[in-house]
Amino acid sequence: MDIQTTISVLGLLGLGGIMGSYIQHLFNKRREIDLEIRKINEDRYRSTLVWMRIFLKPENLKHFNLNDPFTNHKVIHSINNKEEIKEYAKEKITEYYHNGFLYAPNEILINIRIFLENPNEKNYIKTALSMRRDLWHKY
């Protein structure tokens, strides 16, 4: 092997290493972004499910830890009337539904809408399962 071939081979190896490192960096960055998006969606879905549960069982409101920064905790915990609690919960679910157009797949939006039209345990579970499929690709 002559000197020119050796230099060419070493140059290609160096360039290949740089390209490999760059591709690895892009892959890791994409994975970090995907994990962050999953975490955000998981928090949104969890909040939606909590409000759906409160709508179905307003008497259990005190059992839920509402970590929603947009919820006035003093107001919601001061409501004693079950119908007012249900109305507030429905407003929150509707809010999540409309915000979901930014991030949720159609299946989840459809299931939330069905729940809003006919709130029951079956539609709650159907919505929760569609959220699980979106987050973890489990059926």
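Student: Which residue caps the N-terminal end of helix 5?
Tutor: This is a predicted model. Look for a side-chain oxygen by the backbone nitrogen of Lys 122. The two atoms lie 3.1 Å apart, inside the 3.5 Å limit for a polar contact. The oxygen belongs to the capping residue, Asn 120.

Student: How far apart are the end C-alpha atoms of helix 5?
Tutor: Helix 5 runs over residues 121–136, which is 16 residues. At 1.5 Å a residue, the expected span is 22 Å. The model agrees with that, because its end C-alpha atoms are separated by 22 Å.

Student: How wide an arc do the buried residues of helix 5 cover around the axis?
Tutor: The buried residues are Asn 123, Tyr 124, Thr 127, Ser 130, Met 131 and Leu 135. They sit on the same side of helix 5, because their arc is only 135°.

Student: Which helix gives the most residues to the largest nonpolar core?
Tutor: That core has 25 residues. Helices 1, 3, 4 and 5 each give two or more. The top contributor, with seven residues, is helix 1.

Student: Is Thr 48 buried or exposed?
Tutor: Thr 48 lies in helix 1. Beyond four places in sequence, Thr 48 touches Ile 93, Tyr 96, Ile 112 and Met 131. Its relative accessibility is 1%, and the cut-off is under 20%, so Thr 48 counts as buried.

Student: Which residues of helix 5 does Tyr 45 contact, leaving aside neighbours within four places in sequence?
Tutor: Tyr 45 is among the core residues with the most contacts inside the core. Its partners include Tyr 103, Ala 104, Pro 105 and Ile 108. Helix 5 covers residues 121–136. The partners in that range are Met 131, Asp 134 and Leu 135.

Notes
Residues numbered from 1 in each chain as written. Predicted model: local features only at pLDDT ≥ 70, side-chain atom pairs only at ≥ 80, totals over all residues. Heavy atoms only, no water. Helix = DSSP H or I, 4+ residues; strand = E, 2+ residues; numbered from the N terminus. Expected span 1.5 Å × (residues − 1). Buried < 20%, exposed > 50% of the residue type's maximum accessible area, 1.4 Å probe, protein only. Arc of directions from axis to C-beta. Polar contact = N/O pair within 3.5 Å; in protein donor to acceptor, adjacent residues only side chain to side chain. Core = buried A, V, L, I, M, F, W, Y, C linked by side-chain atoms within 4.5 Å. Contact = heavy atoms within 4.5 Å.
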